[in-house]
Amino acid sequence: MMISTKGRYALRVMIDIAENSDGQYITLKDIAARQNISEKYLESIISVLSKEYLLEGVRGKGGGYKLTRAPEDYSVGEILRLVEGPLAPVACLKSTEVKCDKSESCQTLPMWTKLDELVNGYLNSVSLASIINDKT
């Protein structure tokens, strides 16, 4: 499993908004400038985050984006899965719909399952607030 640029940027956006909003809307332009990410690329990320109500957006003068919850109420796992999809280390764990024909006899499946549980458990335990407060 490798986290893409989109996943890393989504986390940076959420942290930036959490650190800078103070309850106010933050413009895409300000986020892009602070994070050194193009506005166009940020739009695609923010669109996903807004569609799933992790962010609230307002257009026009005084508009921008803000969190819909407190920073401690967002997990890194939630954010990454939203933009990345399943974080499973191997394809056979990504979906229960597609069953591997070797799963019954696969000797490595328990190891991959445990790794998946450890990774997702850890990412679910880390909140935006803990990253901001550097307590991961």
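What covers the buried residues of α1? The cover includes three helices that follow in the chain's numbering, α2 (28-35), α3 (39-51) and α4 (76-84), along with α6 (128-132) and both β1 (55-58) and β2 (64-67). Keep in mind as you look that this is a predicted model.

**The chain as a whole**

The secondary structure comes to 6 helices and 2 strands. Reading from the N terminus, the order is α-α-α-β-β-α-α-α. Put a box around the C-alpha atoms along the principal axes and you get roughly 60 × 30 × 25 Å. Of the 136 residues in the chain, 34% are buried. Take the contacts between residues at least 6 apart in sequence: 64% of them join residues at least 24 apart.

**Helix α1, end to end**

Back to α1, which covers residues 5-20 and has 16 residues. From first C-alpha to last, α1 reaches 22 Å, close to the 22 Å expected at 1.5 Å a residue. The buried residues of this helix are G7, Y9, A10, L11, V13, M14, I15, D16, I17 and A18. So that list has an aspartate in it, D16, alongside residues such as L11 and I17.

At the start of α1, S4 has a side-chain oxygen that comes to within 3.3 Å of the backbone nitrogen of K6. Just after the helix, D22 takes a positive phi of about 50°.

**Two residues with positive phi**

Most residues other than glycine have a negative phi. Here are two non-glycines that go the other way:

| Residue | Phi | Loop | Relative accessible area |
|---|---|---|---|
| D22 | about 50° | between α1 and α2 | 74% |
| Y53 | about 65° | between α3 and β1 | 64% |

D22 counts as exposed because its relative accessibility, 74%, is over the 50% cut-off. Y53 is exposed for the same kind of reason, since its 64% is also over 50%.

**The largest pocket**

Rolling a probe the size of a water molecule over the atoms shows where empty space is left. The largest pocket has a volume of about 260 Å³. Which residues line the largest pocket? They are T27, L28, S50, G57, V58, R59, G60, G63, G64 and Y65. By type, the lining divides into 3 nonpolar, 6 polar and 1 charged. Glycine counts as polar here, so G57, G60, G63 and G64 are among the polar ones. The charged residue is R59, because arginine counts as charged. As for the strands, β1 and β2 each supply at least two residues of this lining. These are also two of the elements that cover the buried residues of α1.

Conventions:
Residues numbered from 1 in each chain as written. Predicted model: local features only at pLDDT ≥ 70, side-chain atom pairs only at ≥ 80, totals over all residues. Heavy atoms only, no water. Helix = DSSP H or I, 4+ residues; strand = E, 2+ residues; numbered from the N terminus. Expected span 1.5 Å × (residues − 1). Buried < 20%, exposed > 50% of the residue type's maximum accessible area, 1.4 Å probe, protein only. Contact = heavy atoms within 4.5 Å. Polar contact = N/O pair within 3.5 Å; in protein donor to acceptor, adjacent residues only side chain to side chain. 1 Å grid on protein atoms, 1.4 Å probe; cavity = no way out; pocket = protein on both sides within 12 Å on 5 of 7 lines; lining within 4 Å. Points joined across faces, edges and corners; volume = space filled by probe spheres on them.
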